[in-house]
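Biologist: Got the model open. Can we walk through it together?
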Amino acid sequence: MLPCYACFAKEVEDGSSANVTDTRISSPFPWRGDFFPPILDDPIPDHLKKISDLGIPHIFDIHTHFFPETIMKLIWRWFDNANWAIGYGLPELERVDRLHHNGIKQFTTLNYAHKKNMAKSLNDWTYNNYQNWQGAIPFGTFYPEEGVYSYVKEAVEVYGFLGFKLHCEVSKLNLNDPELSDCFGYLEKKEIPILIHTGTAPLPGEFTGIQFFKPFIQTYPKLHVIVAHMGAHEISAYASLLEEYHNLALDTTMVFVDFLATGKETDVDEAIPLLERYKDQIYFGSDFPNIPYNLNHPISKFLDLPISDKAKQKILFENGKNRFFK
């Protein structure tokens, strides 16, 4: 049986740590074909010339994670237990160097809470550290609890955060919880985006799926929302909302790769035309550092897709730049 995706929550309490090894061959999640992409970076990743040839100055990664070290190691422990080997289990500043090495010069600081009285401390930690990470775009988080509206306002108006991250599965968070309505209304008015893991991949949760997301976006139709992993395993259902909700977007995180934790091969292949059709509403995301391959793999796989150069330029760079640096 697969371990629960939120199992690291209890581990946070007792301060356990992780040792990660490359055990991908035993992963319960399938791979496309028999080839395992390298886990360590090449001295000069071959995608750097490809993005330069496209006129892309650097990559904007909408989906990268930063947690306090103790929590990050516990998250890696969950992945280790699922044979989801992580090659970027490095100290914080070394991870930032790895992003830059791969041409990712702008990236988000995503984290999330799994219990009450945790989100504000994560915001405080992010605020006190993100300026040490060259290129970091500060994102906060929040959780249904007393005082949530106050610390969301603080994150925007005092800390200057440019976005927020929610994880419906790990946090067991219902987007339609009335305790969060003031926060969503405030962020809608302020035009602050929220990146939400609402899909059922790699494992479903109590409040994941389109059945919870659709009434949420209907309630806040002008809210800037980025759906992580393109909403996998229900990519077509989430994509069907893009025409009506112009502030809705998707990210490509872990979709167009050989590791099929976010869907079957047919699901991935059927998602390719969406990149062209909705190129203005899709962002590139990697899920760094929690990936069982090096960064060259998702970037090169994306660059090799049969879509236009313009779509690649928008998704890899322009959409992020235009969203956060108008």
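Biologist: Which residues does Lys312 touch, not counting residues up to four places away in sequence?
Modeller: Lys312 touches Leu54, Ile56, Phe302, Leu303, Leu305 and Ile307. Contact here means heavy atoms within 4.5 Å. Keep in mind that this is a predicted model: local features need pLDDT of at least 70, side-chain atom pairs count only at pLDDT 80 or more, and totals for chains, interfaces and linings use all residues. Residues are numbered from 1 along each chain as its sequence is written, and side-chain values use heavy atoms, with hydrogens and water left out.

Biologist: Is Lys312 buried or exposed?
Modeller: Buried, with a relative accessible area of 9%. The cut-offs are under 20% for buried, over 50% for exposed and partly exposed in between, using a 1.4 Å probe and protein chains only.

Biologist: Where does Lys312 lie?
Modeller: In helix 12. Helices (H or I, at least four residues) and strands (E, at least two) are DSSP runs, numbered from the N terminus.

Biologist: On to pockets. How much space lies in the largest pocket?
Modeller: About 230 Å³. Closest to its centre are His224, Asp280, Tyr283, Asn319 and Arg323, out of 16 lining residues. On a 1 Å grid over the protein atoms alone, a pocket is an open set of points where a 1.4 Å probe fits, with protein on both sides within 12 Å along at least five of seven lines; lining residues have an atom within 4 Å of a point. The volume is the space filled by probe spheres set on the points, which are joined across faces, edges and corners.

Biologist: Which element gives the most to that lining?
Modeller: Helix 12, with 4 residues. Strand 7 (225-227) and strand 8 (248-251) each supply at least two.

Biologist: And the second largest pocket, how much space is there?
Modeller: About 150 Å³. Helix 10 (265-277) and helix 9 (235-239) each give two or more lining residues. Helix 10 has the largest share, 4 residues.

Biologist: Switching to the core. Which residues touch the most other members of the largest nonpolar core?
Modeller: Phe142, Phe184, Leu187 and Phe213, in a core of 102 residues. Helix 3 (residues 69-81) gives the most to this core, with 6 residues. A nonpolar core is a set of buried Ala, Val, Leu, Ile, Met, Phe, Trp, Tyr and Cys residues joined through side-chain atoms within 4.5 Å.

Biologist: What is Phe213 in contact with, leaving aside neighbours within four places in sequence?
Modeller: Leu175, Thr198, Val225, Val227, Tyr238, Leu241 and Leu248. There is also a second, separate core of 11 residues, including Phe60, Ile62, Phe139 and Ala249.
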